[in-house]
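The following explanation leads the reader through selected features of one structure. It turns to the bonds between cysteines and then to a pair of helices.

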Amino acid sequence: MRGELPIAQNRPNPPAPYLGFDRNDYPGDSALPALKQSFSFVGYWLNAPPGAASNTWAGKRAIVRENGFGFLVLFNGRISNQLTRPADPAALGASDAQAAIESAKREGFSSGTVIFLDQEEGGRLLPEQREYLFAWVDAIVAAGFRAGVYCSGIPAKEGHSQSIVTANDIRDHARDRQIVFFVYNDVCPPSPGCAVSKTAPYPSASGIAFADVWQFAQSPRRHDFARGCPANYNSDGNCYPPVSTSSGAAAIYLDLDSASSPDPSHGR
């Protein structure tokens, strides 16, 4: 109708994104106040992170919450060579989901919390990876929690002029499953590199429009992917928080995340 604004102009601007961090090792109780000056949420592992023999985050939910952080609750899943026959991928997915649920409850996370399955390997999922992931998702949801997945948002070449993005591959095969996506893409652009500022990038700027969380920088910098990034990583290749050296937190290297919520897992 004449005189009306186009629909797009009537839409409210999306809320400003929030900056967070994740790392495999717990940073220490004394570092939390300094880190809170820059970050709204933290990645919180429910089991041993990739490459680790133990989980140093266990038992730390209360003090993390007391320092004002939101949560990005993570569970380390299986890689492809752990899912080959005679393994039963669906049974492993269901049992790992049960382990995640028990750990989440033990840590004080209530039903409705989003638990993100760490899917490290990029590219198109193998049938057994898909079987494992969706069995995990179904068991998480059946227990009253919400299911998320951490996966690649980077196009992986599959052949001449063809590529696949893991996040899209998962979503395309998820049917009616409701999955929250935490994507990693440290390629510059779209990543700003090790950019710790008050203005976090929107998760959709990762290249995945449906992403709720974006990991846009990793420590150490991955040269195969982040070689085009600005010179804002430390000379040792890591990303450090902009805090006083007297706090002790300045020596803690981080992965950087942005999210549409200050508590992406709704775990507070």
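A disulfide is here a pair of cysteine sulfur atoms within 2.5 Å. The model under discussion is predicted, and a search of the whole structure finds two such bonds.

One disulfide links Cys194 with Cys239, at an S to S distance of 2.0 Å. The torsion about this S-S bond is about 85°, so the disulfide of Cys194 and Cys239 is right-handed. Cys194 is placed in the loop between β8 and β9, and Cys239 in the loop between α7 and β10; the pair therefore ties together parts that are 45 residues apart in sequence. Cys194 and Cys239 are both buried.

The other disulfide connects Cys188 and Cys229, with an S to S distance of 1.9 Å. Because the torsion about the S-S bond of Cys188 and Cys229 is about 80°, this disulfide is right-handed. Cys188 belongs to the loop between β8 (179-184) and β9 (213-217), whereas Cys229 belongs to the loop between α7 (223-226) and β10 (255-259), so the bond ties together parts that are 41 residues apart in sequence. The cut-off for a buried residue is a relative accessible area under 20%. Cys188, with a value of 11%, is therefore buried, and Cys229, at 12% relative accessibility, counts as buried too.

When the bonded cysteines are counted along the chain, the disulfides follow the pattern 1-3, 2-4. Cys151 takes part in no disulfide: the nearest cysteine sulfur, which belongs to Cys188, is 19 Å away. Cys151 has a relative accessible area of 0% and is therefore buried.

The second topic is the packing of two helices. Helix α5 spans residues 127-142 and helix α6 spans residues 166-173; their axes come within 11 Å and cross at roughly 65°. Angles of 65 to 115 degrees count as roughly perpendicular, and α5 and α6 are therefore described as roughly perpendicular to each other. The crossing of α5 past α6 is right-handed.

Which residues of α5 and α6 meet? On the side of α5 they are Arg130, Leu133 and Phe134, and on the side of α6 they are Asp169, Ile170 and His173. By character, the residues of this contact between α5 and α6 comprise three nonpolar, one polar and two charged.

Note on methods: Residues numbered from 1 in each chain as written. Predicted model: local features only at pLDDT ≥ 70, side-chain atom pairs only at ≥ 80, totals over all residues. Heavy atoms only, no water. Axes fitted to C-alpha atoms, helices over the stretch in contact; angles between N-to-C directions. Helix = DSSP H or I, 4+ residues; strand = E, 2+ residues; numbered from the N terminus. Parallel < 35°, antiparallel > 145°, perpendicular 65-115°, else oblique. Left-handed = near helix turned anticlockwise from the far one by under 90°. Contact = heavy atoms within 4.5 Å. Nonpolar A, V, L, I, M, F, W, Y, C, P; charged D, E, K, R; others polar. Buried < 20%, exposed > 50% of the residue type's maximum accessible area, 1.4 Å probe, protein only.
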